[in-house]
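Got your viewer open? Get ready to click along, one selection at a time.

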Amino acid sequence: MSRFWSPVVGTLSPYVPGEQPKLQNLVKLNTNEHPYGPSPKVLDAIRAACDDTLKLYPDPSSDRLREAIATAVGAQPQQVFVGNGSDEVLAHAFLALLKHDRPLRFPDITYSFYPVYCGLYGIEFELMPLTADFRIDVEDYLPARHGQAGAIIFPNPNAPTGRALSAAEVERIVAGNPDTVVVVDEAYVDFGAESVIPLVSRYDNLLVVQTLSKSRSLAGLRVGFAVGSAALIDGLERVKNSFNSYPIDRLASAGAVAALEDTEYFEQTRNAVIETRSRMTAGLESLGFEVLPSAANFVFARHPEKDAATLAAALRERSIIVRHFRHARIDQFLRITVGTEGQCDMLLQALDKILQA
Ligand SMILES: Cc1ncc(COP(=O)(O)O)c(C=O)c1O
């Protein structure tokens, strides 16, 4: 507390990101980054953009980038909103679209930034418990069971569980709430779930948020986007233009466009992650772990006999970092990002030794 703070600052519970270690040579499986670097075409495009034009502000409406996103996901550029990482897109969505008289509804186990935005913007929320096997129960999001929500948000696949709803299940939620905004956070969708972007033209209450941080290997560039109807995009634009007119800098725009255009590299590297995920899951299961079925670039696993925090600490001693959450219901799980094949081998060998000790 400081006497210089605005009253709201003392009430905030800020998000705590996974560790970004300063040490070299760690096997970093804790923040769901892509194990393979961005496409070489991305690096060339960023280098080419490093010129005298950096003295000029970038395009405030990011037209070129929105066109590239629209082409990549099969939408119209006017249906696309861009931001400095999907965290910023989500932040604007919370203020522009998710703050209503009735509480915002989301799962009890989900992306831990959601309650943080609620704290920042003074949004009331209600938590829907995941089922015993950590699935989102669609019925919880239909008015018949719990009444109408002020708005709805959930990730698909969910984080940190990795479990996904089908597009048909998401559509039931969207169709069942025609007067309520439904935000579907598809940060991990490219690793095995179905995107509902094709539904945006049919449902004016649906906003789909995606990021270039995960499947496009660009967490360091900070580019995220949303696809939705004109009214939803207009609401986001009003907030963005009341906050920062230039969220996408010139280098980020150049790199992001090149990433979206290199579909071959995208397919190749995301398929590599999906293959390693299968091998990692099988390896963990053979060591006695229970692994939730994952449609993301991470797995969520628990060992019936070994304490998760102890396992995470033992891995760290062997220079491997994974994510452990001290939250009710999930404190015996580890969330492990799918790395390269070599990193996967190192993880499995280290766990084998730890479990035998
Ligand atoms: C579910 C979910 N949504 C959004 C994000 C934010 O990603 P970024 O701000 O890098 O686009 C993350 C990051 O881990 C996430 O797990």
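What follows is a tour in six stops, starting with the ligand.

Before you click, know that this is a predicted model, where local features need pLDDT of at least 70, side-chain atom pairs count only at pLDDT 80 or more, and totals for chains, interfaces and linings use all residues. Residues are numbered from 1 along each chain as its sequence is written, and side-chain values use heavy atoms, with hydrogens and water left out.

**Stop 1: the ligand**

Select the ligand and show what surrounds it. Around the ligand you will find Gly-85, Ser-86, Asp-87, Leu-90, Tyr-111, Asp-185, Ala-187, Tyr-188, Thr-211, Ser-213, Lys-214 and Arg-222. A residue belongs here if one of its heavy atoms lies within 4 Å of the ligand. Helix H4 (residues 85–97) gives the most to this shell, with 4 residues. The helices and strands on this tour are DSSP runs, numbered from the N terminus: helices are H or I with at least four residues, strands are E with at least two.

Now look at oxygen atoms of the ligand. A polar side-chain atom of Thr-211 is 2.6 Å from a ligand oxygen. An N or O atom in the side chain of Tyr-188 lies 2.7 Å from an oxygen of the ligand. With Ser-86, a backbone N or O atom is the partner, at 2.7 Å from a ligand oxygen. On its own the ligand exposes 390 Å², and the protein buries 92% of that; such accessible areas come from the Shrake-Rupley method with a 1.4 Å probe, and for residues only the protein chains shown count as cover.

**Stop 2: Ser-86**

Keep Ser-86 selected. Is Ser-86 buried or exposed? Ser-86 is buried, with a relative accessible area of 9%. Buried means under 20% relative accessible area, exposed means over 50%, and partly exposed is in between (1.4 Å probe, protein chains only). Ser-86 sits in helix H4. Leaving aside residues up to four places away in sequence, Ser-86 touches Val-209, Gln-210, Thr-211 and Gly-224; a contact means heavy atoms within 4.5 Å.

**Stop 3: the loop between E5 and H7**

Go to the loop between strand E5 (151–155) and helix H7 (167–175), where you can pick out Pro-157. The peptide bond from Asn-156 to Pro-157 is cis, with omega near 0°. Pro-160 is in the loop between E5 and H7 too, and a cis peptide bond with omega of about 5° joins Ala-159 to Pro-160. Most peptide bonds are trans.

Next, click Thr-161, found in the loop between E5 and H7. Thr-161 counts as buried, at 0% relative accessibility. The side chain of Thr-161 reaches the backbone nitrogen of Arg-163 at 3.2 Å. Beyond residues up to four places away in sequence, Thr-161 touches Ile-109, Leu-130, Phe-134, Leu-292, Phe-298 and Phe-300.

**Stop 4: two positive phi values**

Phe-134 was one of those contacts of Thr-161, so click Phe-134 now. Phe-134 lies in the loop between strand E4 (125–128) and helix H6 (143–146). The phi of Phe-134 is near 65°, a positive value in a residue other than glycine. Most residues other than glycine have a negative phi. Phe-134 is buried, with a relative accessible area of 5%.

Then find Ser-217, in the loop between strand E7 (206–211) and E8. Its phi is near 60°, again a positive value in a residue other than glycine. Ser-217 is buried, at a relative accessible area of 12%.

**Stop 5: helix H3**

Select residues 63–73, helix H3, and colour its buried residues: Leu-65, Arg-66, Ala-68, Ile-69 and Ala-70. What do the buried residues of H3 pack against? They pack against strand E2 (80–83), strand E8 (224–228) and helix H9 (250–261). Just after H3, look at Gly-74, which takes a positive phi of about 75°.

**Stop 6: helix H11**

Finally, select helix H11 (residues 308–317), where Ala-308, Ala-309, Leu-311, Ala-312, Ala-314 and Leu-315 are buried. Those residues pack against strand E11 (320–322), strand E12 (333–337) and helix H12 (341–356). Ser-319, just after H11, takes a positive phi of about 65°.

Now click Asp-307, in the loop between strand E10 (298–302) and H11. Asp-307 is partly exposed, with a relative accessible area of 32%. Its side chain makes a polar contact with the side chain of Thr-310 at 2.7 Å. A polar contact is a pair of N or O atoms within 3.5 Å; within protein, one must be able to donate a hydrogen and the other to accept it, and residues adjacent in sequence count only if both atoms are side-chain atoms.
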